[in-house]
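Trainee: Could you walk me through one part of this model in detail? I'd like to look closely at how the helices pack and what surrounds them.

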Amino acid sequence: MTEHATHARADAPPIIRLEQVQKWYGEFKVLSDINLSVQPGERIVICGPSGSGKSTLIRCINRLETVQQGRIVVDGHELTAGGREVDAVRQEVGMVFQQFNLFPHLTILQNCTLAPMRSRGMSQQQAEEVAMKYLSRVRIPDQAHKYPSQLSGGQQQRVAIARALCMTPKVMLFDEPTSALDPEMVKEVLDTMIGLAEDGMTMLCVTHEMGFARSVADRVIFMAEGRILEQAPPERFFGDPQHEKTRQFLGQILPSHQGA
């Protein structure tokens, strides 16, 4: 199970670095003392109970959310500096949400070509070639000329992944990408994500799919009440969790962990 860990380049500087990150919503502190470094090629799964700050954390990494204190550096760009640094990071960081966020009035192909043409300056022909490459990568090139409403939920989420890949990002962020899907559609999206992991993509994924975490993650992070309470390789995380709240969480979602 550990051979996939060779994708992470420990000798390179971190591609993502969070230092003493704090975030509030009014009086409520949603992130507290977050310190995290991610190596190029590393795959991280973030899990924890609802309301623990998981989604907020990854939304801060491409400045969909702002932080009140601390530093966030992505690929050498300090997000907390604002302005052009934010634009630079957003070109390098792809994001896939729970809801697919596709434009309903555009075809699948148009959904995938819009950002490369506007942000990367590609011609329509270049953008369509790139889009078809990634639609093939997620195994739905035959859907290119349909509209989102004509696709299943699993297909729409694969389009959302292809659309993010069309910007050739260095990092992919996934915010519970399977939680809005019917159970029979979950596997096709997870299989697509496993393929990306095998290609060496740097990935941070918020998910409750613990089978995915076991087989794909280099590191599993457990969050509760806005803090990172535990992080470890999957073998140790699932086999010997150290924090009581981690054990409780795993006991609730993995029956075999009850009493661990």
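Trainee: Let's start with H3 and helix H4: within what distance do their axes come, and at roughly what angle do they cross?

Mentor: Keep in mind that this is a predicted model. The axes of H3 and H4 (residues 124-137) come within 9 Å and cross at roughly 125 degrees. Angles of 65 to 115 degrees count as roughly perpendicular and those over 145 as roughly antiparallel, so H3 is oblique to H4. The H3 side of the contact is Ile108, Leu109, Cys112, Thr113, Pro116 and Met117, and these meet Gln124, Ala127, Glu128, Ala131, Met132 and Leu135 of H4. By class, that contact holds 9 nonpolar, 2 polar and 1 charged residue. As for handedness, H3 and H4 cross in a right-handed sense.

Now turn to the partner H3 has in H5. Here the axes come within 8 Å, with a crossing of roughly 30 degrees, and H3 and H5 are therefore roughly parallel to each other. This crossing, too, is right-handed. Ile108, Asn111 and Cys112 are the H3 residues involved, and they meet Val159, Ala162 and Arg163 in H5. Sorted by class, the H3-H5 contact comes out at 4 nonpolar, 1 polar and 1 charged. Notice that Ile108 and Cys112 turn up here and also in the contact with H4.

H5 has a further neighbour, helix H6 (residues 183-198): their axes come within 8 Å and cross at roughly 20 degrees. That angle makes H5 roughly parallel to H6, and the crossing is right-handed. From H5, the contact takes in Gly153, Gly154, Gln155, Gln157, Arg158, Ile161 and Leu165, while H6 brings Met185, Glu188, Val189, Thr192, Met193 and Leu196. The class split for H5 with H6 is 6 nonpolar, 5 polar and 2 charged.

The last thing to look at is the largest pocket, with a volume of about 700 Å³. Its lining has 24 residues, and Arg90, Ala115, Ser119, Arg163 and Met167 are the closest to the centre. Arg163 is worth a second glance, being also one of the H5 residues that meet H3. Helix H2 (84-92), strand E6 (93-96), H3 (108-119) and H5 (153-165) each supply at least two lining residues, and H3 gives the most, with 7. The lining as a whole has 14 nonpolar, 6 polar and 4 charged residues. So H3 and H5 come up twice: they contact each other, and both help line the largest pocket.

Key. Residues are numbered from 1 along each chain as its sequence is written. This is a predicted model: local features need pLDDT of at least 70, side-chain atom pairs count only at pLDDT 80 or more; totals for chains, interfaces and linings use all residues. Side-chain values use heavy atoms; hydrogens and water are left out. On a 1 Å grid over the protein atoms alone, a cavity is a set of points where a 1.4 Å probe fits but cannot get out, and a pocket is an open set with protein on both sides within 12 Å along at least five of seven lines; lining residues have an atom within 4 Å of a point. Grid points are joined across faces, edges and corners, and a volume is the space filled by probe spheres set on the points. Helices (H or I, at least four residues) and strands (E, at least two) are DSSP runs, numbered from the N terminus. Ala, Val, Leu, Ile, Met, Phe, Trp, Tyr, Cys and Pro count as nonpolar, Asp, Glu, Lys and Arg as charged, and the others, Gly among them, as polar. Axes are lines fitted to C-alpha atoms, for helices over the stretch in contact, and angles run from 0 to 180 degrees between N-to-C directions. Angles under 35 degrees count as roughly parallel, over 145 as roughly antiparallel, 65 to 115 as roughly perpendicular and the rest as oblique. A crossing is left-handed if the near helix is turned anticlockwise from the far one by less than a right angle, and right-handed if clockwise. Contact means heavy atoms within 4.5 Å.
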